[in-house]
Amino acid sequence: MVVFLAWHSVAYALAFAGLPPVLFALLGSNPFPPGGVSQLLAGWIALAVAFVLIRQVDAPPLAVMLSVPPIATVALTAWMAIRLGASAAPEYGQQKLQLFIAGNVAFLIGGLVVGWRPRHLRLLVMLVFAVSLAGGAVLGYKFLTGAAQTVLPDRFSISEAENPISLGRDSASGLLIGIYLLLTVRSNFLRATVVATIPVLAIALVAAGSRGPVAGAIGGLGVLAAFAVTTRSARRRLLVVAGAALASILVVPLIVPSAAVSRSLEIFSASGGGLSSNGRTGLWGQAIEAFTHNTFVGIGTGGFSAIQVAELYPHNLFLESAAELGVVGLVLVTALVLGAAVQGLRGWRSIRDPQERLLAALMLALLATGVVNSLFSGALPDNRVAWLWAGAATGLAARYLRRIAPERRMAPRTPLVPLRGLGDS
């Protein structure tokens, strides 16, 4: 079955990366050793990409694979390997490098391949939505049956082995895709079905008690509103979105304990105490200090764990890259994000079909969600979602930019009008 799905599309391997925690929650245990799931997923993605290259049917051209995001990612991988020898925690640094290759690099390449073919990209979007909804449904069922348990203080997940941050991130992506579907589906029945799923995803997002995914969801919604609601029909459907949002606001406090709700929303409090209460500002200060003392090359891959043995990383993608990999690492991470954003924006501007433009807007929104979330939670290898949507946004944009290039070359040129007083006499 795995080989069969890999043959048909890379989208299956990318989307089903969020499925193992749901299955483990239903089974009650994780039968794989630590890191085993990540390695299997990386192998599945590699097999699916290999099939694409062998068939030469859905493979993007070499120019797409040599764009800024993949080049920056390959360079970052090489720099992490080079700086591993300077780390005060080489074992953790080695683990971080392996997870980065199995997660971020594999997901970026898979995203590029899927983004190049809009049909596969739509499949990926629908599968990610279904997987995130499955996780939210499992957690919602546990709440309703009284079986929900905190994994960490005031933080719920679908199983004891699943990090609440992962649940929050998947739910944030699912929420954005759900709103995208409300703006695109034409069937009233399907639209009503999607409306019913929004509160389920909102419950999972808030119950996770993670500030980063909530901030990422809000940032992604802002981008989606800016780039997707540009037509009259889309603006009319905002009423449906508003209805789903209102239902979520009413339902979430009835299901999720108030402590988890408060924790998720602390980051938006007037005092800003949410960041200092869990040590984020202290971690960021330590990362900045490490960067100032090793500005160009950093303290080495995984080196921050020697400074902060409890947290291991500063919970900020850019500060982590700066502290451990110096200016070189910071520039490469920034190049990845900005390169994907600029390419995605160029693609969005070049698309004329409203449905395809909404898909491009969704890619920008999901990229924004992943990047904003990375500013508050997770280590560098934990942010593979940002790499996935960076690749998808780049691949989709390259597809349409390549399509319009011949049209521009074939467009008739405006004839030159001689200036009066020159030429004939």
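## The main nonpolar core

In this predicted model, the largest nonpolar core has 90 residues, and the members that touch the most others are Val10, Leu124, Met363, Trp387 and Trp389. Helix H19, spanning residues 354-374, is the top contributor to this core, giving 11 residues.

Trp389 is a good place to start looking around. Setting aside neighbours within four places in sequence, Trp389 is in contact with Leu124, Val128, Ser173, Met363, Leu366 and Leu367. Two of these partners, Leu124 and Met363, are themselves named among the core members that touch the most others.

## A second core

There is also a separate core of 17 residues. Val22, Leu167, Ile203 and Ala260 are included in this second core. As general background, nonpolar side chains in soluble globular proteins tend to be buried together.

## Nonpolar residues at the surface

Now for the outside of the protein. Leu23, Leu26 and Leu27 make up a nonpolar surface patch, and together they have about 340 Å² of accessible area. Leu27 sits in helix H3, which covers residues 19-27. Is Leu27 buried or exposed? Leu27 counts as exposed because its relative accessibility is 65%, and the exposed class begins over 50%.

Ile288 belongs to helix H16, made of residues 280-293. With a relative accessible area of 43%, Ile288 is partly exposed; that class lies between the 20% and 50% limits. If you want to place Ile288 relative to Phe24, the two are 264 residues apart in sequence, and their C-alpha atoms are 38 Å apart in space.

Terms used:
Residues numbered from 1 in each chain as written. Predicted model: local features only at pLDDT ≥ 70, side-chain atom pairs only at ≥ 80, totals over all residues. Heavy atoms only, no water. Helix = DSSP H or I, 4+ residues; strand = E, 2+ residues; numbered from the N terminus. Buried < 20%, exposed > 50% of the residue type's maximum accessible area, 1.4 Å probe, protein only. Patch = residues over 30% accessible without salt bridge, like charges linked within 9 Å, V, L, I, M, F, W, Y side chains within 5 Å. Areas by Shrake-Rupley, 256 points an atom, 1.4 Å probe, with all protein chains shown as cover. Salt bridge = Lys/Arg side-chain N within 4 Å of Asp/Glu carboxyl O. Core = buried A, V, L, I, M, F, W, Y, C linked by side-chain atoms within 4.5 Å. Contact = heavy atoms within 4.5 Å.
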